[in-house]
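Here are a few exercises to work through at your own pace. Have your viewer open, try each task, and then compare your steps with the solution.

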Amino acid sequence: LMTPAEPPPILRAEAERYWEQLHPALGPRPDPILGQALRQVCACSPFVACHLARDHGRLAELLASGDLGRRITAAEYRARAEAASAGAEDEAALMSGLRRLRHRELVRIAWRDIRGDAGLADTMAELSDFADAVLAATLGWLHRAQVAALGNPCDSTGAPQTLIVLAMGKLGAQELNFSSDIDLILCYPVDGETRGGPGTLSNQAFFERQGQRLIRALSEVTADGFVFRVD
């Protein structure tokens, strides 16, 4: 860990308030550099401080994992997003799992950004990789659920079709920041209809429904917040 700069006086009172709640997670004899880092991060980011205070086990888990000291790869994000979505029994559980993952990863990325352990390019790349992983995992879950309920969308030869998601703007350029929404274009390969379901549905109707569910799963504000705003 780098030695952090002392927060300016105007931010110290707020940092101390969170310190009183969070320092037990550092153990009975905390490393003074780590303690100073916690004060710095809490002073600079109410988002991080609030989420750590809301879940007292989060800081201890992040410290034990070693994730505060390294960059997470795109493949690791894909695995984490799949794990967060795989066990969901319904859309409410899917949305809750994604939001919990989002809180953890944004706290971790913000900590490294504030501490100077990650540069601007790394921070934007991680946020973008995380968004890509969440999009893929959510889309996969929704597709499987919708195929099970409605049948498989196919072309005229019977070949299955899937929704295509194109990222525009900051995500498309892999330059996502903490306040960015994600700009998406949704399309599908060819016209056709579902097969193997209780009835038939046009590919257009199938994918329109899937796109609406995708946007809702990511952007609807629940008790756990949201994952990304979507345009």
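The exercises below go from the overall fold to helix packing, cysteines and cores, and they concern a predicted model.

**Exercise 1. Find how many helices and strands the chain has, and write down their order.**

Solution. Start by counting: the chain has 9 helices and 4 strands. Next, read from the N terminus, which gives α-α-α-α-α-α-α-β-β-α-β-β-α. Finally, look at the contacts between residues at least 6 apart in sequence: 72% of them join residues at least 24 apart.

**Exercise 2. Describe how helix α2 packs against helix α3.**

Solution. First locate the pair: α2 covers residues 32-44 and α3 covers residues 46-54. Their axes lie 5 Å apart, at an angle of about 115°. Then list who takes part: α2 brings Leu38, Val41, Cys42 and Cys44, while α3 brings Pro46, Val48, Ala49 and Leu52. Last, sort these residues by character: 8 are nonpolar, with no polar and no charged ones.

**Exercise 3. Decide which residues of helix α4 are buried, and where they lie around its axis.**

Solution. Within α4 (residues 56-65), the buried residues are Arg58, Leu59 and Leu62. Now look down the axis of α4: these buried residues fall within an arc of 95°, so they line one face of the helix. Just after α4 comes Gly66, with a positive phi of about 80°.

**Exercise 4. Is Cys42 buried or exposed, and how far is the nearest cysteine sulfur?**

Solution. Take the accessibility step first: Cys42 has a relative accessible area of 1%, under the 20% cut-off, so Cys42 is buried. Cys187, by contrast, is partly exposed at 28% relative accessibility. Next, search for disulfides: the whole structure has 0. For Cys42, the nearest cysteine sulfur belongs to Cys50 and is 9.1 Å away, whereas a disulfide needs sulfur atoms within 2.5 Å.

**Exercise 5. Work out which residues touch the most other members of the largest nonpolar core, and which helix gives the most to it.**

Solution. This core has 32 residues, and Phe130, Leu135, Leu176, Ile182, Leu218 and Phe228 touch the most other members. Then ask about the helices: α5 (74-86), α6 (91-115), α7 (120-150) and α9 (203-219) each supply at least two residues. Among the contributors, α7 gives the most, with 11 residues. Now zoom in on Phe130: leaving aside residues up to four places away in sequence, Phe130 touches Tyr77, Leu101, Arg102, Glu105, Leu106 and Phe228. To finish, note a second, separate core of 14 residues, including Ala37, Leu52, Leu62 and Val107.

Technical notes: Residues are numbered from 1 along each chain as its sequence is written. This is a predicted model: local features need pLDDT of at least 70, side-chain atom pairs count only at pLDDT 80 or more; totals for chains, interfaces and linings use all residues. Side-chain values use heavy atoms; hydrogens and water are left out. Axes are lines fitted to C-alpha atoms, for helices over the stretch in contact, and angles run from 0 to 180 degrees between N-to-C directions. Contact means heavy atoms within 4.5 Å. Ala, Val, Leu, Ile, Met, Phe, Trp, Tyr, Cys and Pro count as nonpolar, Asp, Glu, Lys and Arg as charged, and the others, Gly among them, as polar. Buried means under 20% relative accessible area, exposed over 50%, partly exposed in between (1.4 Å probe, protein chains only). The arc is that of the directions from the helix axis to the C-beta atoms. A nonpolar core is a set of buried Ala, Val, Leu, Ile, Met, Phe, Trp, Tyr and Cys residues joined through side-chain atoms within 4.5 Å.
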